[in-house]
Amino acid sequence: MPLKIITGDILKQKCDILVMPAAPRTGPTSKFARTIYDTAGFDNMQKARKKIGHLSDGEAAVTPGFNLNAQYVIHVFTPEWFGGFMSEPKFLTKCYCNAIKCAVNLNAESIAFPLLGSGTNRVPLDVAEKIAVDAISGYLRAHSYSINVYLVIHPKTAKELSESTLDLQKETPH
């Protein structure tokens with residue numbers, strides 16, 4: 001199935017699996033993660049995440065979705081951005097691929113990703129989008145999985161991406 005890029009609130013998506021960026025240790029470390037925990041039911045999500053334990057760069061682990069629209073949450077440890085010189089693109093790619101692999105193992109029909117790394121980990125939006133599209137599309141091409149994959153970009157982020165693209169077009173000599 002192809003990748004579909006949509007603008008919206010990932011928490012309102014009806015899908016089997018929602019992917020969220022995670023810290024290596026347990027607990028939410030961003031406003032976005034806190035919102036997911038709160039929506040799911042903070043105590044339940046916290047207990048489930050503690051059972052997983054430590055995550056390494058690009059590693060994915062599954063918890064129930066509890067009160068979310070999704071049946072499961074896949075937690076992926078996304079790297080901080082250091083200019084792309086510390087293998088960050090490789091680890092972000094690994095996040096997307098490992099999450100899809102988990103989803104397939106759970107017999108999921110659909111999975112929704114946010115734009116991983118683009119928040120508190122400071123991956124530039126255009127870089128985060130390119131890595132996401134390349135990683136997901138490449139992985140789907142290399143495997144014959146029947147799964148709907150959604151890249152859900154928050155409206156504010158979509159606006160910033162659109163404006164940065166317009167700025168690049170203005171600066172590009174013709």
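A residue is called buried when its relative accessible area is under 20%, exposed when that area is over 50%, and partly exposed in between, with a 1.4 Å probe and protein chains only. The model is predicted, so local features need pLDDT of at least 70 and side-chain atom pairs count only at pLDDT 80 or more, while totals for chains, interfaces and linings use all residues. Residues are numbered from 1 along each chain as its sequence is written, and side-chain values use heavy atoms, with hydrogens and water left out.

**Exercise 1. Find the salt bridge within helix α4, and state how exposed its two partners are.**

Step 1. A salt bridge is a side-chain nitrogen of Lys or Arg within 4 Å of a carboxyl oxygen of Asp or Glu, and the structure holds 3 of them.

Step 2. The side chains of Asp134 and Lys130 form one such bridge, with 2.6 Å from N to O.

Step 3. Both residues belong to helix α4, where they stand 4 residues apart, about one helical turn. Helices (H or I, at least four residues) and strands (E, at least two) are DSSP runs, numbered from the N terminus. An α-helix has 3.6 residues a turn, so residues three or four places apart point the same way.

Step 4. Lys130 is exposed, at 52% relative accessible area, whereas Asp134 is partly exposed, at 43%.

**Exercise 2. Describe where the salt bridges of Asp38 with Arg34 and of Glu80 with Arg122 lie along the chain.**

Step 1. Asp38 and Arg34 are joined by their side chains at 3.1 Å, N to O, and both sit in helix α1 (residues 31-40), 4 residues apart, about one turn of the helix. Asp38 is partly exposed at 43% relative accessibility, and Arg34 is partly exposed at 41%.

Step 2. For Glu80 and Arg122 the distance from N to O is 3.3 Å. This pair links distant parts of the chain, 42 residues apart, with Glu80 in the loop between β4 (72-77) and α3 (88-105) and Arg122 in the loop between β5 (110-113) and α4 (125-142). Glu80 is partly exposed at 41% relative accessibility, and Arg122 is partly exposed at 45%.

Step 3. Thr120 is also found in the loop between β5 and α4, and its relative accessibility of 52% makes it exposed. The C-alpha atoms of Thr120 and Glu80 are separated by 8.0 Å, although the two residues are 40 residues apart along the chain.

**Exercise 3. Count the disulfides, and explain why Cys95 is not bonded to Cys97.**

Step 1. A disulfide is a pair of cysteine sulfur atoms within 2.5 Å, and by this rule the count comes to 0.

Step 2. Cys15 is in no disulfide, as the nearest cysteine sulfur, that of Cys102, is 15 Å away. Cys15 is buried, at 6% relative accessibility.

Step 3. Cys95 has its closest cysteine sulfur in Cys97, and because the two sulfurs are 9.4 Å apart they are too far for a bond. Cys95 is buried as well, at 0% relative accessibility.

**Exercise 4. Identify the residues that touch the most other members of the largest nonpolar core, and follow the contacts of Ile111.**

Step 1. A nonpolar core is a set of buried Ala, Val, Leu, Ile, Met, Phe, Trp, Tyr and Cys residues joined through side-chain atoms within 4.5 Å. In soluble globular proteins, nonpolar side chains tend to be buried together.

Step 2. The largest core has 34 residues, and Val19, Ile74, Tyr96, Ile111 and Phe113 touch the most other members. Two or more residues are given to this core by each of β2 (17-22), β4, α3, β5, α4 and β6 (148-153).

Step 3. Contact means heavy atoms within 4.5 Å. Leaving out residues up to four places away in sequence, Ile111 touches ten residues' worth of neighbours listed here in part, including Ile17, Val19, Ile74, Ala99 and Val149.

**Exercise 5. Work out how helix α3 is placed against its surroundings.**

Step 1. Helix α3 has 18 residues and reaches 26 Å from its first C-alpha to its last, close to the 26 Å expected at 1.5 Å a residue, where the expected span is 1.5 Å times one less than the number of residues.

Step 2. Among the buried residues of α3 are Phe91, Leu92, Cys95, Tyr96 and Ala99, and the buried residues of this helix pack against β2, β3 (60-64), β4, β5, α4 and β6.

Step 3. Just after α3, Asn107 takes a positive phi of about 60°.
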